[in-house]
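Work through the two exercises below with the model open beside you, and try each task before you read its solution.

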Amino acid sequence: MSELAIIGSGIAGITSAIYAKRANLDFSLYEKKLPCGQINYIERIDNFPGTSYGIKGMEFSQILLNQINDLGIKIENKQITGIEKTKTGFRLHTAAEVLEHKAVILASGAAPKNLGIEKEAQFAGRGISYCAVCDGFFFKDKTVAVVGGGNSACEDALYLAGIAKKVYLIHRRDELRAFDYLARQVESKSNIEILWNKIVIEIKGGDFIEEAILQDTKTNIKTTLRINALFVAIGYKPNTQIIRGLADLDYQGFIITDSEMRTSCEGLFAAGDCIKKTVRQLITCAAEGAVAAMSAHSYIKHK
Ligand code: NAP
């Protein structure tokens, strides 16, 4: 049995691993998919202290990977499918094995929400995308739309405005939720048009998306928008299925933690975008990762 498992290698998990290493803990860092997770899909980072202004997410990922490599930290490619609490700690299940650890930090992040409308899955990868940075390139000089009114939607719209001929931003209210500076940039961009008070109720097309049917949230009037792609940026749902029943979650599935990043389950800590919080930024995820590792260290040493 090793002392600590860190699940997820986004900025929260990586920071936990750096602090666990410095605390001389015996730990494993597990990642089911891409090292550094969502960071890879960020077009530019302007607000993480110590990084050059506008650094690309993928470059930032590489810096993080170099840093942990220098510290001798390895990311183990394993998908944890279940967690059980035992008398001595936790049993983590993968499809092939059972791993035992005294404590766990869950830093499993969150995944983009979908619209939940008919044919959404059918057109995913055929014009519907949840990642502008990944797929925007395919729509050079085309007409695209982004759904959402938050920071992600505004950043996506601005990114796409540099590639596509025309970008519609479809928002269900008449005011953007995004930071003011982003909202102002979107509103002043000549090839972005904001469609206020609209929701997407239907998608039409052949092999690829051709039209989105919009409904006005005030008048209920339906309109047709001809587009080549629809980017969905309506927030994230937490990757917390593996601890359902083990620790308290809020109604959306985000993990409830205290200021030491403890969950309601003793020995289970959580950090990053999988927890309930108000400020969702790289810097807050990193800070939570550090606190979680120090709390886990104290828990393991005092147990
Ligand atoms: P968000 O802040 O939750 O915004 C989601 C947006 O989508 C809202 O405008 C919401 O409308 C709309 N929406 C939600 N469900 C919808 C539906 N079913 N149909 C149509 N519209 C829907 O999500 P986010 O923009 O992905 O940001 C997530 C978190 O990451 C936030 O805390 C954000 O600050 C942070 N973030 C920060 C940065 C940055 O600092 N540069 C960049 C990206 C994200 P309403 O406004 O009406 O609720």
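**Exercise 1.** Determine which residues of H6 are exposed on the face turned away from its buried side, and which residues of H6 are buried.

*Solution.* In this predicted model, the face of H6 turned away from its buried side carries Asp 180, Arg 184 and Ser 188, which are exposed, that is, over 50% in relative accessible area. Within the same helix, which spans residues 180-188, the buried residues are Leu 182, Ala 183 and Val 186. Viewed down the axis of H6, these buried residues fall within an arc of 100°, so they line one face of the helix. As background, an α-helix has 3.6 residues a turn, so residues three or four places apart point the same way. The last step is to look for the packing partners of the buried residues of H6, which are helix H5 (151-161), strand S10 (166-170) and strand S11 (192-195).

**Exercise 2.** Describe the shell around the ligand, and find which atoms of Gly 149, Asn 151 and Ser 152 lie by its oxygen atoms.

*Solution.* Begin with the shell, in which 17 residues surround the ligand, the closest being Ser 152, Glu 155, Arg 173, Arg 177 and Gln 281. Sorted by character, the shell has three nonpolar, nine polar and five charged residues, and its largest share, three residues, comes from H5. Next, take the distances to ligand oxygen atoms: a polar side-chain atom lies at 2.6 Å for Ser 152 and at 2.8 Å for Asn 151, whereas for Gly 149 a backbone N or O atom lies at 3.0 Å. Finally, consider coverage: of the 910 Å² of accessible area that the ligand has on its own, the protein covers 78%.

Methods:
Residues are numbered from 1 along each chain as its sequence is written. This is a predicted model: local features need pLDDT of at least 70, side-chain atom pairs count only at pLDDT 80 or more; totals for chains, interfaces and linings use all residues. Side-chain values use heavy atoms; hydrogens and water are left out. Buried means under 20% relative accessible area, exposed over 50%, partly exposed in between (1.4 Å probe, protein chains only). Helices (H or I, at least four residues) and strands (E, at least two) are DSSP runs, numbered from the N terminus. The arc is that of the directions from the helix axis to the C-beta atoms. Contact means heavy atoms within 4.5 Å. A residue is near a molecule or strand if one of its heavy atoms lies within 4 Å of it. A polar contact is a pair of N or O atoms within 3.5 Å; within protein, one must be able to donate a hydrogen and the other to accept it, and residues adjacent in sequence count only if both atoms are side-chain atoms. Accessible areas come from the Shrake-Rupley method with a 1.4 Å probe; for residues, only the protein chains shown count as cover. Ala, Val, Leu, Ile, Met, Phe, Trp, Tyr, Cys and Pro count as nonpolar, Asp, Glu, Lys and Arg as charged, and the others, Gly among them, as polar.
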